[in-house]
Amino acid sequence: MLARLRSDIQCILDRDPAARSTWEVITCYPGLHAIWLHRPAHWCWHHGLKWLGRFISHFARWFTGIEIHPGAKIGERVFFDHAMGVVVGETAEIGDGCTIYQGVTLGGTSLYKGTKRHPTLGKDVVVSAGAKVLGGFEVGDGAKIGSNAVVIKPVPAGATAVGIPARIIPSKEGQSADVTESQPARKFTAYGITQEDDPLSQAMRGLIDNASSQEHQIALLWRAIEKLSAANQQAKDCVPCDAAIKEQFEAGKLNELVGK
């Protein structure tokens, strides 16, 4: 028991540079209080004391601003960072080492009792501020959920999910997709920040580059036809007046609008 309490405190000291001492973590971190209050509530829930479990959960919600259903399963070294407004549903499961930020909802889309309605998070998952993970699917180990993303389908291990509805940025060579620079695989990255491109932005840039390339090729063809018609006296009028001999497609400006 004491080892687990020390582990709860140490994981906060490791992941939050604002945490200056053990005493500060124990007294000033509502995410830690929510975890500690959830454990007796969870025990009551699974030993026939349903109302008492719900009451402890209700008190924890009032005291910390974090609502965790007593039926939810939470692993070791889980850190609710800031975490005001977090909601964790009854059949949700949170794996070891996960980090969950403020405004996150691990919710369900089914109304059938006794079914798996809420998501399962694997180990070391980061769910960023405002994200909504809705449904009884799995989020793989080491995955990252971007801020305000709405995830309604499974996320593979190591991948990053961003957008509404969330699109998946797959991991590279088995590594987490949130890597911002060359660094050890176990290094924690706050809020799961990624400098990888949004897949929608990648698609838009691909379309822009393709359109620019096609305009270039068309312009080359018209110039070639113009030269041939100039050399052939009988074919002077074969180039129409509105032929796109000059390139006008502003690929650079469009790419700037899409973003880096």
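These legends walk through several close-up views of a predicted model.

**View 1. Helix H1 packs against helix H3.**
Here we look at H1, which covers residues 2-15, and H3, which covers residues 30-45. The angle between them is about 155°, and their axes sit 11 Å apart. Anything over 145 degrees counts as roughly antiparallel, so that is the label H1 and H3 get. Their crossing is right-handed. On the H1 side, the residues that touch are Arg4, Leu5, Asp8, Ile9 and Ile12. They meet Leu32, Ile35, Trp36 and Arg39 from H3. Sorted by class, this contact holds six nonpolar and three charged residues, with no polar ones.

**View 2. Helix H3 also packs against helix H4.**
This time the angle is about 170° and the axes are 7 Å apart. H3 and H4 are therefore roughly antiparallel to each other. From H3, the contact takes in Pro30, His33, Ala34, Leu37, Pro40, Ala41, Cys44 and Trp45. H4 brings Lys50, Leu52, Gly53, Arg54, Ile56, Ser57, Phe59, Ala60, Phe63 and Thr64. Split by class, the contact of H3 with H4 has twelve nonpolar residues, four polar and two charged.

**View 3. A cavity is lined by residues that include some from H3 and H4.**
How many cavities of 30 Å³ or more does a search of the whole structure find? There is one. The largest cavity has about 30 Å³ of space in it. Its lining is made up of Ala34, His38, Ser57, Ala60 and Ile68. H3 and H4 each put in at least two of the lining residues. Ala34, Ser57 and Ala60 may look familiar from the previous view, as they take part in the contact between H3 and H4 too. By class, the cavity lining comes out as three nonpolar and two polar residues, with no charged ones.

**View 4. The second largest pocket draws on a helix and two strands, among its lining elements.**
This pocket has a volume of about 190 Å³. It is lined by 13 residues, and those closest to its centre are Arg54, Ser57, Glu67, Ile68 and His69. Ser57 and Ile68 turn up in the lining of the largest cavity as well. Helix H4 (50-64), strand S1 (67-68) and strand S4 (87-88) each supply at least two residues of the pocket lining. Which element gives the most? That would be H4, with four residues. The lining is a mix of classes: five nonpolar, four polar and four charged residues.

**View 5. A cis peptide bond leads into Pro165.**
Zoom in on the link from Ile164 to Pro165 and you will find a cis peptide bond, with omega near -15°. Where does Pro165 sit? Look in the loop between strand S14 (160-162) and strand S15 (167-169).

**View 6. Ala83 has a positive phi.**
The last close-up is of Ala83, whose phi is near 70°. That is a positive value in a residue other than glycine. You can find Ala83 in the loop that runs between strand S3 (79-80) and S4. S4 is one of the elements that supply lining residues to the second largest pocket.

Note on methods
Residues are numbered from 1 along each chain as its sequence is written. This is a predicted model: local features need pLDDT of at least 70, side-chain atom pairs count only at pLDDT 80 or more; totals for chains, interfaces and linings use all residues. Side-chain values use heavy atoms; hydrogens and water are left out. Axes are lines fitted to C-alpha atoms, for helices over the stretch in contact, and angles run from 0 to 180 degrees between N-to-C directions. Angles under 35 degrees count as roughly parallel, over 145 as roughly antiparallel, 65 to 115 as roughly perpendicular and the rest as oblique. A crossing is left-handed if the near helix is turned anticlockwise from the far one by less than a right angle, and right-handed if clockwise. Contact means heavy atoms within 4.5 Å. Ala, Val, Leu, Ile, Met, Phe, Trp, Tyr, Cys and Pro count as nonpolar, Asp, Glu, Lys and Arg as charged, and the others, Gly among them, as polar. On a 1 Å grid over the protein atoms alone, a cavity is a set of points where a 1.4 Å probe fits but cannot get out, and a pocket is an open set with protein on both sides within 12 Å along at least five of seven lines; lining residues have an atom within 4 Å of a point. Grid points are joined across faces, edges and corners, and a volume is the space filled by probe spheres set on the points.
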